[in-house]
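Colleague: Please take a close look at one part of this model, namely its paired strands. I would like a connected account, with the criteria stated as you go.

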Amino acid sequence: MRCTGTNMSVTIVAAKDGFFGIGVDQANSARESVYLEAGQSATLHSGNTNLGGGVMLYIFGAERIAELDIRNATPKQQGWDISQLTLLKKLIIGGSGYSPATSTGDELSTLNLSQLPFLEEVDVRNFPLISIDGSLCPRLKTVQATGSTLQRISLAETSPIATLSLPATMTALSLVNLPTLTYPNGGLTIAGTSNITSLRVSGNKNIDSLALIRAIINGGASIAEISADGLDVNADTSILDALVASNAKGIGSDLSTGCDGLHGTWLLTSLIEE
């Protein structure tokens, strides 16, 4: 991965016994190496400072790493590949009080988590990401993204995600078949909803879909496309009026007028004659 920073370093926790190391611009030579037993941690120092185009950092023993913390090595989009971290459980890129080493516009913006079957936790707080693809991570439990510039995230259906903390920059929200995630007063929190234009919510037994839709609209969102299944609603027309006002369509709909994105029962508690 290509990174920038001052005296760049990465911190790891071993999943299995073995040697681990870090290379700088060389894939066959380690600048620093260490032997760790499973569960032990170490910080690998690059001995390099770069606040421009970055340098390539190579992590040796990647297939035996359980936790990777790269807060002291701001990753670029170019060269990003964590597919070899097959035992990874925790990935830390940002955090509370974090700020990237550079802001040149070529920092990592699309976080592709690859096919990591054991990944449980991702922390990208205050990092300038735009999207996260976790669709191939079936054990993901926690994503912390507050303070980032995240706009969209894809999650594996049936994954045990229990904590999903999102920033006010979100433009699209898709929550499908997530049995552990709860809303409201639960694991899903969104710092602000005014930028959300696309909403899909379906098959989540612990998410109150109506409460979520209402909160998003009341937060100032203008929904352009929506898909919500299994609705069983007793309410007035305020939400429907807002969807009409924003000219909302069903996601993937071919309709030129009207919204076919709501599915279920909606009993009106009040009628207004026109």
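**Strand pairing and its surroundings**

Modeller: Strand β11 (residues 121-123) pairs with strand β13 (residues 142-144) in the parallel sense, and three bridges join them. Two strands count as paired if DSSP finds at least two bridges between them; strands are DSSP runs (E, at least two residues), helices likewise (H or I, at least four residues), and both are numbered from the N terminus. The model is predicted, so local features need pLDDT of at least 70 and side-chain atom pairs count only at pLDDT 80 or more, while totals for chains, interfaces and linings use all residues. Residues are numbered from 1 along each chain as its sequence is written, and side-chain values use heavy atoms, leaving out hydrogens and water.

Within the β11 and β13 pair, Val122 faces Val143 of β13. Both strands belong to an open sheet of eight strands with mixed pairing, in the order β5-β2-β7-β9-β11-β13-β15-β17. Its edges are β5 (41-45) and β17 (188-190); each has a single partner strand, so one side of each lacks a neighbour in the sheet. On average, neighbouring strands of this sheet are turned by 15° against each other, direction ignored (axes are lines fitted to C-alpha atoms, for helices over the stretch in contact, and angles between N-to-C directions run from 0 to 180 degrees).

A further set of pairings involves β18. Strand β16 (residues 172-176) pairs with β18 in the parallel sense over five bridges, and Leu175 has Val201 in β18 as its bridge partner. Strand β19 (residues 225-235) also pairs with β18 in the parallel sense, here over four bridges; Val201 stands opposite Ala228 of β19. Val201 thus has a partner in β19 as well as Leu175.

Strand β18 (residues 198-202) has four buried residues out of five, so the rest of the structure largely encloses it (buried means under 20% relative accessible area, exposed over 50%, partly exposed in between, with a 1.4 Å probe and protein chains only). Together with helix α1 (residues 209-218) and β19, strand β18 forms a right-handed β-α-β unit; right-handed means that, with the strands pointing away from the viewer, the path from the first strand over the helix to the second runs clockwise.

As to cysteines, the count of disulfides is zero, a disulfide being a pair of cysteine sulfur atoms within 2.5 Å. The sulfur of Cys3 has its closest cysteine sulfur in Cys137, 19 Å away, which is too far for a bond. Cys3 is buried because its relative accessibility is 0%, and Cys137 is buried because its value is 1%.
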